[in-house]
Amino acid sequence: MTDTPTLVAHRGHAALWPENTLPALDWLINNAGVMRRDTLGGIHGDTLEDLYLQFRVNSVGPLLVTQALLGNLHSGSKVGIVTSRMGSVGDNTSGGAYGYRMSKSAVNAAGKSLAMDLESRGIAVALLHPGYVRTDMVGGGGDVEPEEAATGLVARMDALTIGTTGRFWHAKGQELPW
Amino acid sequence: MAHCLVTGANRGIGLALCKLLTGRGDHVIAACRQSSPELDALGVHIETDVEVGDPDSIDALAGRLEGQALDWLINNAGVMRRDTLGGIHGETLEDLYLQFRVNSVGPLLVTQALLGNLHSGSKVGIVTSRMGSIGDNTSGGAYGYRMSKSAVNAAGKSLAMDLEPRGIAVALLHPGYVRTDMVGGGGDVEPEEAATGLVARMDALTVGTTGRFWHAKGQELPW
């Protein structure tokens, strides 16, 4: 299964993945993501490649995984996208972090379009900010343990309905601005 | 007389911006991949072989413009491709990446490369689109275009924050649905009318209003 997300992301279409023997899915949580650092003036070479990497994994990845698994979703299914408050343009008062912010703003846009496109099929979509979580991705920084973040994210997924589709939530419950 | 650089200057909104600015006495540097008879006819300073999706061509432009102070930088160049959920693979997926490279990364890299030409009081305009407004998206679809415009809005907001201490203001600008080649001649606004609104927004822009998203007609738009 290790290679499955890569395979799906590259092929991008369920019909091209005949070995898809997954059952019906009630929840699809797009959680995989990467973070790289950059600052204005230094966005070239490897740093520019990292910016594209973040777009490919953080923005296009969830879109292609969801597209590829559409056949496994049904009316009542829920799609969660673990994005970040760093992708909130309205909330950005500190600047910088171009590649990460762009990738998370872009996946928020994709998630909103998914919500609109899947509403008629009864599939709800939520954009979810987990908090600043103590993981390898942030080098062990963070002020929330993964278990606490997961508890909040699952609570948001539990609460998600077609009536609240296409919105952006903090794991702790408050709605976030785009 | 302001020194203004416009990308995507050979046609559409970019050409109309160059025409308007040169007509009021500003010094225009028109950057584009290839010039056009209409752009040639304006008699402005033209820089060709500028492909905003290609970092090397941006660096080359910056090299040619070294020492040229810029009062306005208008990142106008952009592309649009269509897609729908279920069909995002192969060439359509390549088009999604193309839109990100040109529409999102292009303005960031052009602005970064020309930072040495900007000074306190300079203004950076980014021609984005209301299609990149997540709050305004009630119709779905258009994944690649929307993602590219939301991403450039994020980049523009970070540029605004990072350049504020240097006295450089940044605006994200929606031109309207403009009758250009990019939308296949559809649209309900002529390029000249859009350019008039965009220039009015740039005229009004100050560091006090930096980092916001405006319709050419004047109202503020949601992210």
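**Chains A and B, and a helix pair in chain B**

Modeller: In this predicted model, chain A and chain B bury about 3,400 Å² between them, 70% of it on carbon and sulfur atoms. Residues are numbered from 1 along each chain as its sequence is written, and local features need pLDDT of at least 70, while side-chain atom pairs count only at pLDDT 80 or more.

Biologist: What makes this area "buried"?

Modeller: Buried area is the accessible area, taken with a 1.4 Å probe, that two parts lose on being put together, summed over both, so the figure of about 3,400 Å² belongs to chain A and chain B jointly.

Biologist: How many residues does each chain bring to the contact?

Modeller: With contact meaning heavy atoms within 4.5 Å, 42 residues come from chain A and 40 residues from chain B.

Biologist: How many salt bridges does the rule find across the interface of chain A and chain B?

Modeller: A salt bridge requires a side-chain nitrogen of Lys or Arg within 4 Å of a carboxyl oxygen of Asp or Glu, and across this interface the rule finds zero.

Biologist: Why is the arrangement of α1(B) and α6(B) called a right-handed crossing?

Modeller: A crossing is right-handed if the near helix is turned clockwise from the far one by less than a right angle, and the crossing of α1(B) and α6(B) is therefore called right-handed. The axes, which are lines fitted to C-alpha atoms over the stretch in contact, with angles running from 0 to 180 degrees between N-to-C directions, come within 8 Å and cross at roughly 65° for α1 (residues 12-23) and α6 (residues 191-204) of chain B.

Biologist: Which residues make that contact?

Modeller: Among them are Ile13(B) and Leu17(B) of α1(B), and Ala195(B) and Val199(B) of α6(B).

Conventions: Chains are lettered from A and ligands numbered from 1 in the order in which they are written. Side-chain values use heavy atoms; hydrogens and water are left out. Helices (H or I, at least four residues) and strands (E, at least two) are DSSP runs, numbered from the N terminus.
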